[in-house]
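Q: I would like to learn how to read a strand and its surroundings in a model. Could we work through one together?

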Amino acid sequence: MKITDHIANANGKTLFSFELLPPVKGQSIQGIYDAIDPLMEFKPPFIDVTYHREDYIYKQHDNGLLEKVSYRKRPGTVAICAAIMNRYKVDAVPHLICGGFTKEETENALIDLQFLGIDNVLVLRGDARKADASFIPTPGGHTYACDLLQQVSNMNNGLYLHEDHDSSFSTNFCIGVAGYPEKHFEAPNMKADFKYLKQKVDMGAEFIVTQMFFDNSKYCSFVKRCREEGINVPIIPGLKPITSSKQLISLAKFFHIDIPEELSDAILKCKSEKEVKDVGIEFMIEQCKELVKFGVPVLHFYTMSNPGPTKRIAEAIF
Ligand code: FAD
């Protein structure tokens, strides 16, 4: 079912959902089930699975020469989505990224997803490879999320890449995109970021999932501005509790977000990592209570495949 239908059917009740990372190559699917099982009691109507572009590693040969090798650390997004749908009978939402795919490969992936009965995709540009200072598009692939979105939207209208035959079949994907309450780090200002977000919605995106944030006022201002700009699709807040003291820096650095002083002060006073985790979870519970009052459609958790903290929060909310 489409995410927009799940939201409409909930009649204003806030839903619960979460995101998983494919396990590092060489691990079994059991790790995924172990990350999902404890959260199923909160009845997620959908579960997201991230997609990870390849990185480069350098292999040293006997003659001392280094060979640059392309290496995907977390493959398996499509298969994990199929396994989730088969085992839990909930919608799986694969993330689709520009990086690492040619347009032809994207088309084939979308056909696979359609055959698997997947109704929703989250369309993203994707992160830069670790070795690259900024995002480098794949030759023959897309540069921005809106370009990839155009391809999905074309397939929804029965337009395939190289039509040498009549395509009588259109896909029907419900397309989501990312939004940044604190601005995407590359955008020169909020105005520019809203311009491209609006473009994505005008091109067919039906819901937005936000970057994580810890200050609800930033989410509320973002929603207000979206509505003023004519962006009227559901805006799903993405959430992650702080669970270790090092995340004070790593989350702020990697996701370009602010940690409120109240939260960082409380964490800095903690005497153990267990205390840090408790403080982070309690903070997130209060944040979620406020978001539910605000009327958010879904509380969507970035679990990083560790269900424990999300379970404690969901127990307090749902
Ligand atoms: P875009 O919408 O393409 O925007 C990127 C930047 O370019 C922005 O600054 C925007 O303002 C600007 N821009 C957009 N369109 C244009 C245009 N036409 N011309 C000029 N400038 C433009 N990364 C992964 O690798 N895998 C994942 O699974 C993944 N999941 C994510 C899930 C969520 C909910 C979020 C919020 C992020 C996720 N990311 C993931 C990270 C994401 O790929 C990065 O944040 C990336 O840097 C931007 O992606 P985007 O889709 O927002 O890009």
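A: We can start from one facing pair: valine 49 stands opposite proline 94 in strand 5, where strands are DSSP runs of E with at least two residues and helices runs of H or I with at least four, numbered from the N terminus. This is a predicted model, in which local features need pLDDT of at least 70 and side-chain atom pairs count only at pLDDT 80 or more, while totals for chains, interfaces and linings use all residues. Residues are numbered from 1 along each chain as its sequence is written, and side-chain values use heavy atoms, with hydrogens and water left out.

Q: Which strands pair with strand 5, and in what sense?
A: Two strands pair if DSSP finds at least two bridges between them. Strand 2 (residues 46-49) is parallel to strand 5 over four bridges, and strand 6 (residues 120-124), also parallel to strand 5, is joined to it by three.

Q: Is strand 5 enclosed or open?
A: In a regular strand the side chains alternate between the two faces of the sheet. Here Asp91, Val93, His95 and Ile97 on one side, and Ala92, Pro94 and Leu96 on the other, are all buried, meaning under 20% relative accessible area (1.4 Å probe, protein chains only). Because seven of the seven residues of strand 5 (residues 91-97) are buried, the strand is largely enclosed by the rest of the structure.

Q: What does histidine 95 contact in the ligand?
A: A polar contact is a pair of N or O atoms within 3.5 Å. A polar side-chain atom of histidine 95 lies 2.8 Å from an oxygen atom of the ligand, and histidine 95 also stands opposite leucine 122 in strand 6.

Definitions and conventions: Buried < 20%, exposed > 50% of the residue type's maximum accessible area, 1.4 Å probe, protein only. Polar contact = N/O pair within 3.5 Å; in protein donor to acceptor, adjacent residues only side chain to side chain.
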